[in-house]
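Here are my notes for you to read alongside the model. Take the points in order and find each residue on screen as you go.

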Amino acid sequence: MEWLYSIFFFLYGITFGSFFNVVGIRVPLKESVVSPPSHCTTCDRNLTPVDLVPVFSYVFLRGKCRGCKEKISALYPTMELITGVLFVCAYLHFGFQWELVVALLFISMLVILTVSDLKYMLIPNKILLPFGIAIFILRFISPLTPWWDSLLGAAVGFGLLLLIAIVSNGGMGGGDIKLFFVIGLVLGTMQTLVTLFLASLIGAIVGLIFLKKTKQGRKTPVPFGPSIAVAALIAYFYGEQLVSWYTGLLN
Ligand SMILES: [Zn+2]
């Protein structure tokens, strides 16, 4: 049965991923997520069901609009695929427990924020707030041990990022600080610290690659949100193993 559920979660994931692309792109522009219907941004042609099958349409259309043959951004199928894979990971990791709901919400939020941050360098409150509230409530049903670690993690995450923002004089966006509050709620104190460490590491590597590629010097801003999202998911799924592996090295 597990493989059948895995397929179900994958299809469910790529379908939601398709919607998350729309949310991540439209919410920062204060546009409705339902109207106007999805259309090609170049020729304005409305997309029909044939164009809207997640991942598969992109492959069948070879990444081009059926109307004007303009290239479709690879960001769409990529985020759909990532959402599908992450939903399966969440199911395989937690099974049918309440924590699966937390995991699916957390993944959904991170995918939407990644799209917004890549597109506009922005982490919208309109996304953080509803997901933050839902996760806060779910932490009563599916608590961490001890239960207050969720609140402490949120306080530590928010406080540390705020401190970094003050010290670095604006090197950290307000969205990143608030995002770490929600990450703290989900992960607790220890894994929030792991996330911060991993995000800095990933961010530095991404920054280096970006710097080499463009040669535009250090002023080019690189969104930090995607690095935080990747780090938070690694910490969520493998943080405990990472910590025990690391403490094992020290002994
Ligand atoms: Zn077109």
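1. Start with Cys 40: its relative accessibility is 11%, and because anything under 20% counts as buried, Cys 40 is buried. Its partner Cys 43 comes out as partly exposed, at 31% relative accessible area. Keep in mind throughout that this is a predicted model.

2. What coordinates the zinc ion? The SG atoms of Cys 40, Cys 43, Cys 65 and Cys 68 do the job, at 2.3 to 2.4 Å. Along the sequence, these donor residues follow the spacing C-x2-C-x21-C-x2-C. The angles between the 4 donor atoms run from 107 to 113°, so the arrangement is tetrahedral.

3. Now look at the loop between H1 and H2, where you'll find Asp 44. Phi of Asp 44 is near 70°, a positive value even though the residue isn't glycine. Val 55 belongs to the loop between H1 and H2 too, and has a positive phi of about 60° without being a glycine. Why flag these? Most residues other than glycine have a negative phi.

4. Are Asp 44 and Val 55 buried or exposed? Asp 44 counts as exposed because its relative accessibility is 53%. Val 55, at 13% relative accessible area, is buried.

5. Next, the cis peptide bonds. One joins Ser 35 and Pro 36, with omega at about 0°; Pro 36 sits in the loop between helix H1 (2–26) and helix H2 (56–60). Another runs from Thr 145 to Pro 146, with omega near -15°, and Pro 146 is in the loop between helix H5 (125–141) and H6. As a reminder, most peptide bonds are trans.

6. Step into helix H6 (residues 149–167) and pick out Ser 150. With 4% relative accessibility, Ser 150 counts as buried. Which residues does Ser 150 touch, leaving aside those up to four places away in sequence? They are Arg 139, Leu 144, Gly 184 and Leu 185.

7. Ile 205 is part of helix H7 (residues 174–214). At 47% relative accessible area, Ile 205 is partly exposed. Try locating Thr 78 as well: Ile 205 and Thr 78 are 127 residues apart along the chain, and their C-alpha atoms are separated by 21 Å.

8. Helix H8 (residues 225–250) deserves a careful look. With 26 residues, a straight helix would reach 38 Å at 1.5 Å a residue, but the end C-alpha atoms of H8 are only 31 Å apart. Where does H8 bend? The bend is at Tyr 238, and it is about 80°. Buried residues in H8 include Gly 225, Pro 226, Leu 233, Phe 237 and Gly 239.

9. Finally, the annotations. In an unreviewed entry, UniProt lists residues 11–94 as "domain: Prepilin peptidase A24 N-terminal". In the model, residues 11–94 are 49% helix and 0% strand, with end C-alpha atoms 18 Å apart. UniProt also lists residues 104–208, again in an unreviewed entry, as "domain: Prepilin type IV endopeptidase peptidase". The chain over residues 104–208 is 84% helix and 0% strand, and the end C-alpha atoms there are 31 Å apart.

Technical notes:
Residues are numbered from 1 along each chain as its sequence is written. This is a predicted model: local features need pLDDT of at least 70, side-chain atom pairs count only at pLDDT 80 or more; totals for chains, interfaces and linings use all residues. Side-chain values use heavy atoms; hydrogens and water are left out. UniProt positions are given in the numbering used here, feature names are shortened, and annotations may be inferred rather than shown by experiment. Helices (H or I, at least four residues) and strands (E, at least two) are DSSP runs, numbered from the N terminus. The expected span of a helix is 1.5 Å times one less than its number of residues. The bend at a residue is the angle between axes fitted to the seven residues ending there and the seven starting there. Buried means under 20% relative accessible area, exposed over 50%, partly exposed in between (1.4 Å probe, protein chains only). Contact means heavy atoms within 4.5 Å. Donors are N, O and S atoms within 2.8 Å of the metal (3.2 Å for Na, K and Ca); water is not among the atoms, so sites may look incomplete. Four donors count as tetrahedral if all angles lie between 85 and 135 degrees; four count as square planar and six as octahedral if opposite donors are over 155 degrees apart and all others between 65 and 115; anything else is irregular.
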